[in-house]
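User: Please give a close account of the interface between the chains, and then follow the account into the chain where it leads.

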Amino acid sequence: MRMWVYILRRLILLVPVIIGVMTITFVLVSSLPVHERLSSQFGAAPPRDAWLYQPLRPCPTNPAQECRNPVYYEDLAKLGLNKPIPVQWAVYIYNSFTLNWGTVGNGSTAGQTFQATQGQQVSTVLGWFLPYTLELAALSLAIILIIAIPLGNLAAVNRNRPVDQSARILSFSGYALPGFLLSSLALMAAVIAFGAGTGFFAHPPWCGPGETTWQEFTGSWPTYTCYNISAAAGNQGYPSWLTDGFISHPTGFPTVDALIHGQGWLALDTILRIAIPAMVIAFASIAGLLRFVRNSMLEVMNLDFVRTARAEGIPEQTVVKRHAGRNSLNVTITVLGLTFAAFIGGFPIIEDVFKLNGVGLILAYSVQISKGGIDFGLVFGATLLFTIIVVLANIIVDVLYAYLDPRVRLG
Amino acid sequence: MSSPSPPATSSTVSPRRAGRPHPRLDAYKRTWYFLRRNTLALFGLGVIIFFVIVAVYASTQPLPYYGLNSYCATNYTNPTILSTEASSVPVQGGLPNGTYGYTVAVKGYTPTPASGSFQVAGKAVTVQITFHPTPAATTDAAGAASSSGLTFALAHTYSVTFDEFGLSGSANWQVSLNVTTPNDCLAIEQTVCTYPTGSPVPGPGCYQTPPANPSDIAPTLNLAHFSMGPLPLGSLTLTPSTSSGFYNVYQGLLRGADWSLVISTSIVGGGALVGLVVGAVSGFYGGAVDEALMRLVDIFLSIPQILFVIVVIAVVTQTTTSVLGLGPGGSRVFLLIMAFLVTWWPFYARVVRGQVLVVREQKYVESARAAGASRGRIIRRHIIPNSVYPVFIQMSLDVGTIPLLIGVLIYLGFPIFPTPYFPEWGALSANSVVSLQAFLNTCTETTGCIVPWWQIFFPGLVVFMFAISVNFFSDGLRDALDPRLRR
């Protein structure tokens, strides 16, 4: 089968999957009480008036009787909830495909934490937060790659020897440690180490007394004038191109934007802020890739062409590196693709611990009921976004796999 | 009784007859042989067995199931009488001589005597009153029966002075004693005894408080206390208003063994069962059935797992509080298991389908079909038994991740459990980390920081050991079962 026919076929098969996911979220949305839907879709604070969203309320003239509540029916009509269910479903699917995913609520925890998101379209808000996560994902993936491939090859060559066993113990430890524990400990360690042992109040050597080590390692941006940022008035000490401390202009990527505006030290600072979380992510998720590299290397090492290469007298080093190593990479690359897709979904825990302005952070706030409540618009929007990303990544990986390994038949 | 299908390496299949070993037995022996040579796998197996024994032991203990006993730190030097208040208008010029009755009320304590009388004869009168901690209420927040209170009852004896000029006149005195306990210990909470540095130890199970923070409990670890008394964990103790909400880590981890193992195995077992059926049907029948089921699997696989669990629980708890009449506590746990199940089975369905596609082309399936076996029988007797090994491995891998995932949900602040201190390992470790961050946020340059290391260490260690030993075991199992990987 030709490559483009295969891609086309996969893309067409994608549509029912996405519609299926949307149907499931539609069922969940539909089973929410009306006032929850109104508060999340229209950006209103959660209603305090108990009667506001009830279909019947005491009559103004005679409180003993019940009358139709006009506000309730107006809002039903505004949301289109008075239409038959199939029509509602079709409208929902249409809105989902046109990125009309509702708005962030004023009263929800996420809306109150990030004031600028209140009443904004969910897709727009996710677009603001995505670049931060992309930078973090790219950096952690790079670390994983640098460590996993040589270590996996080493483990496969020295199978069941101490090197293999310790690589296994190390990678499994990262997997088995809860992420919140690991990242909290890493944060504490970094603060203590860079604060020269004096804890949370010493400022790092590259900053003035205004900024503490603790602040230097949490948040995506420094809050004090550590790098001679020309702070615009009313922008909480942030540079003028950084609205509300998280909407970065023009590209949205923190490092790139800082470089565009000629603030090299600030760019370095943004990288420093994602370096430790990236290492934590790498440590926590290296186990899967390491196991894949090791197993595929083990399989390749048993193949005939490796034996032939050895028989020809090629040095073992070259056999492992050039013959076996390169051929075992096919599987690795596909796994990497899927890992990256999963990474784009954000790291709610790690971004919450380090207070990085990624998708994971806004998601962590959107599900919190403590301050205001769950933002259903944001949660369902994120569900749709991550579904689409994962499905697309699957297709890309399949195509890539076929491209890298000519033996694989498309079909 | 006819034979099951042959394992991968045994050459002949003989019907099971009396006196002969089961034909599968050599497969088990072989697996054990390879597993035994893998030190890490054996270590994992040992830890798993230990946790199972702990869970069995815990189920015999009288501990609450839905919410841990919550403790409240009360300093040894308390209650201190700050002021006495009269119940009616003061009498100018002091009390007339005579006998007066009084009652004493202190929140969280039972005074002895609670009421009495004193004689005013021109001078101040001192009455000795002893305060015992009020016994805990019989039910906890989730409605489950709570266990007995603390075994030690710490008595405080205080002198209450009735000054003839300080009190007002009435037939019966209401003496309110305002106490300087660091918090108002609620009635449902049990009280932990603490005492300041330098004071004599008032009794067993009491905790020393550091001089800098009298309302805090010193970060000491006493193994005797760890097993016997409460090791208070889990909340801020730095400021007076937030010194309640401790729980006993030992009780938590003990009861947590029950809940963690039950929740993990029921999610994974249920998911594997559904996945096994769907995957076997899909792989065996093929065609339109396969296509439809696999699209369904695709749909469920592409939904983000954590988000989906949150959404399902949020939506269902918005509409109802009790599922299937299980009560608020039980229905929350049931809901959690069901929500995880919905996202869990597709993995197994895909694994099983891949295996079935290989198995159904084998000669023994063909011969069974030639012998006239029905489709259901072939699936039951031949396809499923030969496709379950990868499922076992996947299951054993997944069991360890459930406490981690639950910890993530709890850390995000999403109330998946009926009470804040639900005894589940993941929940306990997540709560302890949240509490640690609260501790760190209250650090100041003058007082420094108190890092309650034990409250992170023990739950974290248990979650870590569970996940890693399950992983080692399943990794060893995979190596032992996969003929390509072993030597």
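Analyst: A polar contact is a pair of N or O atoms within 3.5 Å; within protein one must be able to donate a hydrogen and the other to accept it, and residues adjacent in sequence count only if both atoms are side-chain atoms. The model is predicted, with pLDDT of at least 70 required for local features and 80 or more for side-chain atom pairs, while totals for chains, interfaces and linings use all residues. Residues are numbered from 1 along each chain as written, chains are lettered from A and ligands numbered from 1 in written order, and side-chain values use heavy atoms without hydrogens or water.

At the interface, 57 residues of chain B are in contact (heavy atoms within 4.5 Å) with 50 residues of chain A. About 4,600 Å² is buried between the two chains, counted as accessible area (1.4 Å probe) lost on being put together and summed over both. Carbon and sulfur atoms contribute 73% of this area.

Salt bridges (a Lys or Arg side-chain nitrogen within 4 Å of an Asp or Glu carboxyl oxygen) number 13 over all chains, and 2 are found across the interface of chain B and chain A. D475(B) pairs in this way with R168(A), with the closest N and O atoms 3.1 Å apart. The interface also holds 4 residue pairs in polar contact, both residues at pLDDT 80 or more. On the side of chain B that touches chain A, the elements giving two or more residues are α5 (287-302), α6 (305-319), α10 (401-411), α11 (425-441) and α12 (453-481) of chain B; helices are DSSP runs (H or I, at least four residues) and strands likewise (E, at least two), numbered from the N terminus. α12(B) gives the largest share, 11 residues. By class, this side of chain B has 33 nonpolar, 14 polar and 10 charged residues.

Within chain A, D164(A) and R294(A) form a salt bridge at 3.0 Å, N to O. This pair joins helix α7 (residues 162-176), which holds D164(A), to helix α11, which holds R294(A), across 130 residues. Helix α11 (residues 264-301) of chain A also meets helix α6 (residues 122-157) of chain A, their axes coming within 6 Å and crossing at roughly 35 degrees. The crossing of α6(A) and α11(A) is right-handed, and the contact has 25 nonpolar, 4 polar and 2 charged residues.

Chain A has backbone features too. H249(A) and P250(A) are joined by a cis peptide bond with omega about -5 degrees, P250(A) lying in the loop between β4 (247-248) and α10 (254-260) of chain A.

Conventions. Ala, Val, Leu, Ile, Met, Phe, Trp, Tyr, Cys and Pro count as nonpolar, Asp, Glu, Lys and Arg as charged, and the others, Gly among them, as polar. Axes are lines fitted to C-alpha atoms, for helices over the stretch in contact, and angles run from 0 to 180 degrees between N-to-C directions. A crossing is left-handed if the near helix is turned anticlockwise from the far one by less than a right angle, and right-handed if clockwise.
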